[in-house]
Amino acid sequence: MEQVIKTYLGIFLMMLLSTVGIGIVAAEAQICQARNFKSDVVVELENSNYNREVINACIKQADELGYQLQVNLYEDSGTVIVCENGNVPPLEKEVTMAEVILHYAYRMGPFHSKTEHSIRGFGR
């Protein structure tokens with residue numbers, strides 16, 4: 001009888017550890033996808049010279065993937081232009097730098113507890 005209890009306890013603990021391990025790997029995959037998307041957005045903005053249509057396309061693509069993307073453009077004069085929710089105001093001067101802020105949901109564990117995280121990146 002004692003051997004049966006030990007066996008079931010061992011199986012239960014192995015299943016618990018497997019579930020937690022799978023949750024950790026899945027959460028790391030979510031983080032990696034968000035980092036890669038942020039890096040791709042920064043490269044696209046730099047290559048397009050901070051074009052309004054490209055910024056709108058990136059924000060739309062982020063919405064489709066379940067992310068929230070905010071782009072802060074810094075002009076020569078020191079003016080900061082905030083671009084989010086598909087609203088990109090007209091640019092008056094040369095943009096020297098862009099700050100990309102990506103907000104994403106982070107789910108971990110067997111109970112899928114959800115928290116919001118954000119990643120920042122800069123393009124020059």
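## A walk from sheet to helices

Start by selecting S3 and S4: the two strands pair in the antiparallel sense over eleven bridges (strands pair if DSSP finds at least two bridges between them). Before going on, keep in mind that this is a predicted model, where local features need pLDDT of at least 70 and side-chain atom pairs count only at pLDDT 80 or more, while totals for chains, interfaces and linings use all residues. Residues are numbered from 1 along each chain as its sequence is written, and side-chain values use heavy atoms, with hydrogens and water left out.

A word on labels: helices (H or I, at least four residues) and strands (E, at least two) are DSSP runs, numbered from the N terminus.

**Stop 1: S3 and S4**

Zoom in on Arg107, whose bridge partner in S4 is Lys114. Then colour S3 by accessibility: ten of its 14 residues are buried, so the strand is mostly covered. Here buried means under 20% relative accessible area, exposed over 50%, and partly exposed in between, with a 1.4 Å probe and protein chains only.

Now show the side chains of Glu99 and Arg120. They form a salt bridge, with the closest N and O atoms 2.5 Å apart. This pair links distant parts of the chain, Glu99 in strand S3 and Arg120 in strand S4 (residues 113-123), 21 residues apart. The rule for a salt bridge is a side-chain nitrogen of Lys or Arg within 4 Å of a carboxyl oxygen of Asp or Glu. Is Glu99 buried or exposed? Glu99 has a relative accessible area of 8%, so it counts as buried. Arg120, on the other hand, is exposed at 51%.

**Stop 2: S1 and its two partners**

Select residues 68-75 next. That's S1, and six of its eight residues are buried, which leaves the strand mostly covered. On one side, eight bridges join S1 to strand S3 (residues 95-108), and the two run antiparallel. Look for Val71 opposite Val100 in S3, and for Gln70, whose bridge partner in S3 is Ile101.

Gln70 also stands opposite Glu84 in S2. That takes you to the pairing of S1 with strand S2 (residues 80-84), antiparallel again, over five bridges. S1 and S2 form a hairpin with four residues between them. Click on Gly78 in the turn, where phi is positive at about 95 degrees.

Stay on S2 and turn on its side chains, which alternate along the strand. Ile81 and Cys83 point to one face and are buried. Val80, Val82 and Glu84 point to the other face and are not buried.

**Stop 3: helix H2**

Now pick residues 52-65. Helix H2 has 14 residues and reaches 20 Å from its first C-alpha to its last, close to the 20 Å expected at 1.5 Å a residue (the expected span is 1.5 Å times one less than the number of residues). Which residues of H2 are buried? They are Ile55, Cys58, Ile59 and Ala62. Look down the axis of H2 and these buried residues fall within an arc of 95 degrees, so they line one face of the helix. The arc is taken from the directions from the helix axis to the C-beta atoms. Some background: an α-helix has 3.6 residues a turn, so residues three or four places apart point the same way.

Spin the view to the face turned away from the buried side, and you'll meet the exposed residues Glu53, Lys60 and Glu64. Ala57 is in H2 too; at 43% relative accessibility, Ala57 counts as partly exposed.

**Stop 4: out to helix H1**

From Ala57, draw a distance to Glu2: the two are 55 residues apart in sequence and 63 Å apart in space, C-alpha to C-alpha. Glu2 forms a salt bridge with Lys6, the closest N and O atoms being 3.3 Å apart. Both lie in helix H1, four residues apart, about one turn of the helix. Lys6 and Glu2 are both exposed.

Finish with Leu9, Phe12, Leu13, Leu16, Val20, Ile24 and Met108, which make a nonpolar surface patch of about 610 Å². Helix H1 (residues 2-47) gives the largest share, six residues. Phe12 sits in H1 and counts as exposed at 52% relative accessibility. Patches are made of residues with over 30% relative accessible area and no salt bridge, with like charges joined within 9 Å and nonpolar side chains (Val, Leu, Ile, Met, Phe, Trp, Tyr) within 5 Å.

Conventions. Accessible areas come from the Shrake-Rupley method with a 1.4 Å probe; for residues, only the protein chains shown count as cover.
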